[in-house]
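Good morning, and thank you for joining this session. I would ask you to have the sequence and the structure open as I speak.

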Amino acid sequence: MSYKYYPITGIKEGWGAGGKVPVRRDFDEWSTSNNETDKIQFILYLLALKRFQAVDPANRDSYFQIAGIHGYPYIPWDEPSTTQKEIGRKGYCVHANNLFPPWHRPYMLLYEQRLYEIMVNEIIPKYPAYKDKYLEAARTWRLPFWDWAKRNTRIPQLCRYKKVNISFGGEPKFELENPLYQFRMPNDKKMRVYGVGSIVNPDGDKPLDYGECIATSRCPKQEELSGDAWTAGVVRDDDADAMLSKHSSVTGRDYGSAAELVYRLMTYPLDYPHFATLARDENATSITASTSSVTNDINIEFIHNNIHYWVGGDGGHMSQIPVACFDPMFWLHHCNIDRLYAIWQSLNPDKWFETDIQRYFDQKIVGSGTVITNKTPLRPFHKDTAGTVWTPDDARDWFKLGYTYPELLTGKETPTQLLKMVNDNYGTSREEALFLANQAEPLPAGMESIEESGDVKKGVKTYDYALSIKYSKFALGGSPFNIQVFLRPEDGEKTFRTEDFVTSVYNFSQTPENEDGVEVCSNCKDGQSQNIQATAYIPVTSYLLKMFQEKQLTSLEPLLVEPVLSRMYWRIVDMSGNPIPEEKWKDTMGLKIDVSQTQMNYSPDPAKLPKFDPPTVIPNLGTGGTDSKEPPIPSGVDGNEITVGKINKLKATVDAGGSIVFSSPSMNLKKPAGDYGTGIALLNWDPNSKADPLDTENYDILLSFVIKSKRESVQLNHKLAGKGYNVTDEFKPSPWFSENPKIRVDIKEGTFEIYIDGRNVRSYKRDIRKGVTHVHYYSTPSRAEPAMARQITANTYQSTASVS
């Protein structure tokens, strides 16, 4: 008998006339409704989820295995021809690439469909006297979402009870262990029995052993990360609430920490790639470049990551990619991600998944070669029993999949209607500014009221500030970490006090561990070797308005705000909440924090978009501030960040008469065991070329400079695109490189003059007389660590005379 794939089709029952489909409801509204049908649906949902979680983990269609698609136990799912060895090398996780939103859509559909099947085939038949009534309710049921960005955000009430009392089907009331509280393994077997293991702790502490768990945890305390409490599972929803809602407002109302992030996500003019993923390519010609505007650093994936941490806490299942899906909150969370995705699609109907090159952060498992398109397979999800694989195109229209959301009942909602909902529900900074503009008290300087004809209420124009945070996603070997930002009190010390906390960014990643020498997750492993850059964008105007209300700030004008924001400082903490010493991450994190400002115009009409000019980055703030260890770039010189494993485009071409000075904050002076190399290649790209710009073979290599650490020598060479190298010129600099090396290359008409730490060490013939447009910084072999830092700087000078 031929194998039958699980067909993910969506629920086909409950559809109305004209293609009307049932609604995925807000969990809080639906679960507390007094409507009889809603009550029946909720009990069916609880009973089905409880039964689903009890299915033998060895079963393909079990809760355990479907949750395991996302990570542990790293086994093939619904792919009979895929071997364990193959899946071990690849994994199914899809994060840090453009497939993130569409891949999770059929995943949610699979979960919803399994629950419905259990309702109809296993739960309802137990109550024959109520069969028709219960079937009618079940047909219009759809998976609920948890809107964690709305006001008064907290873990839903009916997810907080360990046990619930149920009266159903005319039977006496009975007590049910709540399947929303936590997932518990069938027969109380430890997760290790079915392949779940440990996750490495980046600070060197004992790994977190998730295989020891019988049940999931949320926000465990440090002392509960092992022992009996860890095995049984710890649920601290009050701690999750604190992280979800500790944003306070001058209006006196509470907002969820994610409200303003969702507001900017929906109102900024983003294209699909910038909306979909946090991964960025700083090449200005890339579709995911964030060089054009700091507003491009907002994205749905980093917002999603923060929710994972706020719910899971330090060490809880939700905060770890390989085990996140085991927590029942995962499905409510991701259903909301799908909802926001659908709303954004409705606001941007012409923006869809674009054909794109497979950048370094894309996952090999998709089988797309060098190009990702709207036809890329979304493995391991199949549309029929024959094994037809889902694609992004198949997941584009959620109405065709049998569901919609309360804001999208018809699919014909206008942008005006949707903007009103977005403004009313998520516009924290807008509401705060309008609140102040319509009060009797004087407005802070930097904020002014605007009279709008025909409107009793006033609009407002106000300065707006935001942080743009960039970092290496795999800086700590792929382990998750938090970037925490604080504001030092005036004349105070950097003490990391709770009251000084401003914001945080959670890196939702995983360690690319090995199983018997075989990679578990290629997406993470390749990301680590290629130093994938991730971005986050966090408005801080509300924080400043709170300071104004508390009389710590008298103006929103840059002249007064910039000195306040210059007091920002930050740290990196691990998944157990422990600070990581700076020396462990400074050379690999590539941390860049920019502060930007613009002026926002908010209308009292909630159907109107805010108006603003593109934000500008404020010099000398963030990591470029006065506390930065890097010296400021002199006037008239272009500074470039050069990342290992990448072809880095320079801001300006450097021709004869100019210079390039490379600086590294560190240098590994130990001799390696192998003949490893660290290379800097000065490249020229033909703008008329149609070749692949990711392949160095398609560039003229004007000068190749390779540091051979074991033999303490440097090799020089050059070659034309598509041709072979010339004869290598090898020499031994004496003395060797310093701990903070500088490599200077002066470009003369006929030679390259090379300096190491201020000493002229070599003159090399310049056979290819073209300008330097790109720099390739690399190591050999490619998986080896470079001798210098993973991120170095290159200052380019149009005139050698300007080099100090």
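I shall speak about aromatic pairs, a small sheet, one helix and the nonpolar cores. Please keep in mind throughout that this is a predicted model.

Let me begin with the rings. A pair of aromatic rings is described by the distance of the centres and the angle of the planes. The model holds 46 aromatic pairs. One of them joins Phe 42 and Tyr 45, a tilted pair whose centres are 6.3 Å apart and whose planes make an angle of 45°. Both residues belong to helix 2, residues 36-53, and because they are three residues apart there, about one helical turn separates them. In general, an α-helix has 3.6 residues a turn, so residues three or four places apart point the same way. Phe 42 and Tyr 45 are both buried.

A pair of another kind is formed by Phe 486 and Tyr 569, which are stacked, with 5.5 Å between the centres and 20° between the planes. Here the two rings come from distant parts of the chain: Phe 486 lies in strand 10 (residues 481-487) and Tyr 569 in strand 15 (residues 568-574), 83 residues apart. Phe 486 and Tyr 569 are likewise buried.

Ring pairs also build a cluster, whose members include Phe 52, Trp 103, Tyr 107, Phe 326 and Trp 331. Two rings carry a charge over the face. The charged end of Lys 719 sits over Tyr 725, 5.7 Å from the ring centre, and Arg 744 lies over Tyr 755, at 4.6 Å from the ring centre.

I turn now to the sheet. How are its three strands ordered? The order is 11-10-15, with antiparallel pairing in an open sheet. Strand 11 (501-507) and strand 15 are the edge strands, each pairing on one side only. From one strand to the next, the twist averages 20°. Strand 10 is joined to strand 15 by seven bridges and to strand 11 by six. For individual positions, Gln 484 has Arg 571 of strand 15 as its bridge partner, while Val 485 stands opposite Thr 503 in strand 11. Five of the seven residues of strand 15 are buried.

Strand 10 appears again beside helix 16. The buried residues of this helix, residues 541-549, are Thr 541, Ser 542, Leu 544, Leu 545 and Met 547. They pack against several elements, among them strand 10, strand 14 (533-539) and helix 17 (558-565). Just after helix 16, Lys 551 takes a positive phi of about 60°.

Next, a single residue: is Leu 347, in helix 12, buried or exposed? Leu 347 is buried, because its relative accessible area is 14%, and the cut-off is 20%. Leaving aside neighbours within four places in sequence, Leu 347 is in contact with Met 266, Pro 415, Leu 418 and Leu 419. Of these, Pro 415 is 68 residues away in sequence, yet 5.5 Å away in space, C-alpha to C-alpha.

Finally, the cores. The largest nonpolar core has 181 residues, and Tyr 45, Tyr 107 and Trp 331 are among those with the most contacts inside it. Beyond its neighbours within four places in sequence, Tyr 45 is in contact with residues including Phe 27, Trp 30, Trp 141 and Leu 332. A second, separate core of 35 residues includes Phe 662, Ile 707, Val 714 and Ile 747.

Key. Residues numbered from 1 in each chain as written. Predicted model: local features only at pLDDT ≥ 70, side-chain atom pairs only at ≥ 80, totals over all residues. Heavy atoms only, no water. Phe/Tyr/Trp six-rings, centres within 6.5 Å; stacked < 30°, edge-to-face > 60°. Helix = DSSP H or I, 4+ residues; strand = E, 2+ residues; numbered from the N terminus. Buried < 20%, exposed > 50% of the residue type's maximum accessible area, 1.4 Å probe, protein only. Lys NZ or Arg CZ within 6 Å of the ring centre and 35° of its normal. Pairing = 2+ DSSP bridges. Contact = heavy atoms within 4.5 Å. Core = buried A, V, L, I, M, F, W, Y, C linked by side-chain atoms within 4.5 Å. Axes fitted to C-alpha atoms, helices over the stretch in contact; angles between N-to-C directions.
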